[in-house]
Amino acid sequence: MEQNIEKKKRIFSGMQPSGELTLGNYLGALKNWVGLQDDYECIYAIMNMHAITVRQDPAELRKRSMEVLMQYIACGVDPEKSVLFFQSHVPAHAELAWILSCNTQMGELSRMTQFKDKSQKHADNINAGLFTYPVLMAADILLYQADLVPVGNDQLQHIELTRDVANRFNFHYGETFTVPEPYIGKAGARVMSLQSPENKMSKSDPNPNGYIWILDSEDVIIKKFKRAVTDSDTEIRPGADKPGVTNLLTIYAAVTGKTVEEAAAEFAGQGYGTFKMAVGEAVAAELAPVRKRFEELSKDKAYVEEIYQKGAEIAGYLAAKTLRKVYKKVGFVAR
């Protein structure tokens, strides 16, 4: 394992267990993660420590954390090729976050757009963790000396902060952290809501017809696509004036491997009914093996437990190497 780690560039990423994963998570992130496994040393976490910046039901959080791990694997993330673990199983995340918080400015954190957004949504619980969340995210990445972090545009601000903190620490204490670069996936399809295509597909959408869970049944998937918003014009083509149709073409292209232009050409002259049915069927076919694999994993708790325990062991070993170096640099007495 160590030999591999030295040879390949390292990638770190993760998702919060804040509910079932959507088609947007699958096409925008998970499918890309799977494609990176052979060329990079990949470390993928379930970010359950980040999840508690918003109040959670403890039993639900445990359940969802396990389900997200199983969904990672069901989508094709291979535990033999990638390190999979729960963030809370590696205490070094919290330990490094404290040291980095002493090297991060209040002004930097107050500019974070996600803090502003979440403060508005959860006005009754604007806690310190919500404010320092990006420092923990920086610790997640820097602990593993990650070269690259797959992100969407909405996370670029956090990567910039991580880079600033790493450079500042390296300047004051000497070379310690790899300064990570954002990795923008080539086909990380930006999937929008099926009901309000001007908004990103989100599990927090109040309209359940706006999103597809990756574990939805074939019938549910096809029904939701049949109800998808298009527009009054009947032409099937991409364009800024046709957000609904563009979104459906983007989804179809992502699951079939075609370009958006090829997808548009395939449905030229056809009606929206035929088009929406075809997109629904293509998505259902893509997700059917995921659902089947998830059901298998759900019945093999011992195997799943073995994966996350082994993952935490490897992640803990890598994290401890970085933390020892950091502790020495800042002047802590060796344990």
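This report describes selected features of a predicted model of a protein chain.

## Confidence in the model

The structure is a predicted model, and its mean pLDDT over the chain is 91. A pLDDT of 70 or more is reached by 96% of the residues. In residues 1–5, however, the pLDDT is below 50. Beyond near neighbours in sequence, this stretch has 10 contacts in the model.

## The nonpolar cores

In soluble globular proteins, nonpolar side chains tend to be buried together. In this model the largest nonpolar core has 60 residues. The residues with the most contacts inside this core are L23, Y72 and F225. Helix 13, which covers residues 272–298, gives the most to the core, with 11 residues.

The surroundings of F225 can be listed in detail. Leaving aside neighbours within four places in sequence, F225 is in contact with L23, L194, I212, L248, I251, K276, V279, G280 and V283. One of these, L23, is itself among the residues with the most contacts inside the largest core. Apart from the largest core lies another, of 43 residues, which includes V83, L143, F169 and A312.

## Aromatic pairs

A pair of aromatic rings is described by the distance of the centres and the angle of the planes. The structure holds 12 aromatic pairs. One of the pairs is formed by W33 and Y72, with 5.1 Å from centre to centre and 80° between the planes, and it is edge-to-face. W33 belongs to helix 2 (residues 23–36) and Y72 to helix 4 (residues 58–74), so this pair ties together parts that are 39 residues apart in sequence. Both W33 and Y72 are buried.

A further pair consists of Y327 and F332. Their ring centres are 4.9 Å apart and their planes stand at 75°; because an angle over 60 degrees counts as edge-to-face, this pair is given that description. Y327 has a relative accessible area of 16% and is buried, whereas F332, at 41%, is partly exposed. In addition, F12, F85 and Y144 form one aromatic cluster.

## Helix 4

Helix 4 contains 17 residues, which at 1.5 Å a residue should span 24 Å. Its end C-alpha atoms are 24 Å apart, so the expected and modelled spans agree. At the start of helix 4, a side-chain oxygen of D57 comes to within 3.2 Å of the backbone nitrogen of A59. After the helix comes G76, whose phi is positive, near 115°.

The buried residues of helix 4 are L61, R64, S65, E67, V68, L69, M70, Q71, Y72, I73 and A74. An α-helix has 3.6 residues a turn, so residues three or four places apart point the same way.

## Helix 9 and R163

Helix 9 (residues 156–173) has 18 residues, and its expected span at 1.5 Å a residue is 26 Å. The end C-alpha atoms of helix 9 are 26 Å apart, which agrees with that value. The buried residues in helix 9 include H158, I159, L161, T162, R163, V165, A166, F169 and N170. Just after helix 9, G174 takes a positive phi of about 95°.

R163 lies in this helix and is buried. Its side chain reaches the backbone oxygen of P180 at 2.8 Å. Not counting residues up to four places away in sequence, R163 touches V179, P180 and E181.

## D205 in a loop

D205 is placed in the loop between strand 5 (181–183) and helix 10 (218–226). With a relative accessible area of 16%, D205 is buried. The side chain of D205 reaches the backbone nitrogen of N207 at 2.8 Å.

When neighbours within four places in sequence are left aside, D205 is in contact with S193, S196, G210 and Y211. D205 and E20 are 185 residues apart in sequence, while their C-alpha atoms are 13 Å apart in space.

## K325 in helix 14

K325 lies in helix 14 (residues 301–330). At 38% relative accessibility, K325 counts as partly exposed. Not counting residues up to four places away in sequence, K325 touches Q145 and T176. K325 and T176 are 149 residues apart in sequence, and from C-alpha to C-alpha they are 7.3 Å apart in space.

Conventions: Residues numbered from 1 in each chain as written. Heavy atoms only, no water. Phe/Tyr/Trp six-rings, centres within 6.5 Å; stacked < 30°, edge-to-face > 60°. Helix = DSSP H or I, 4+ residues; strand = E, 2+ residues; numbered from the N terminus. Buried < 20%, exposed > 50% of the residue type's maximum accessible area, 1.4 Å probe, protein only. Expected span 1.5 Å × (residues − 1). Polar contact = N/O pair within 3.5 Å; in protein donor to acceptor, adjacent residues only side chain to side chain. Contact = heavy atoms within 4.5 Å. Core = buried A, V, L, I, M, F, W, Y, C linked by side-chain atoms within 4.5 Å. pLDDT = per-residue confidence, 0-100.
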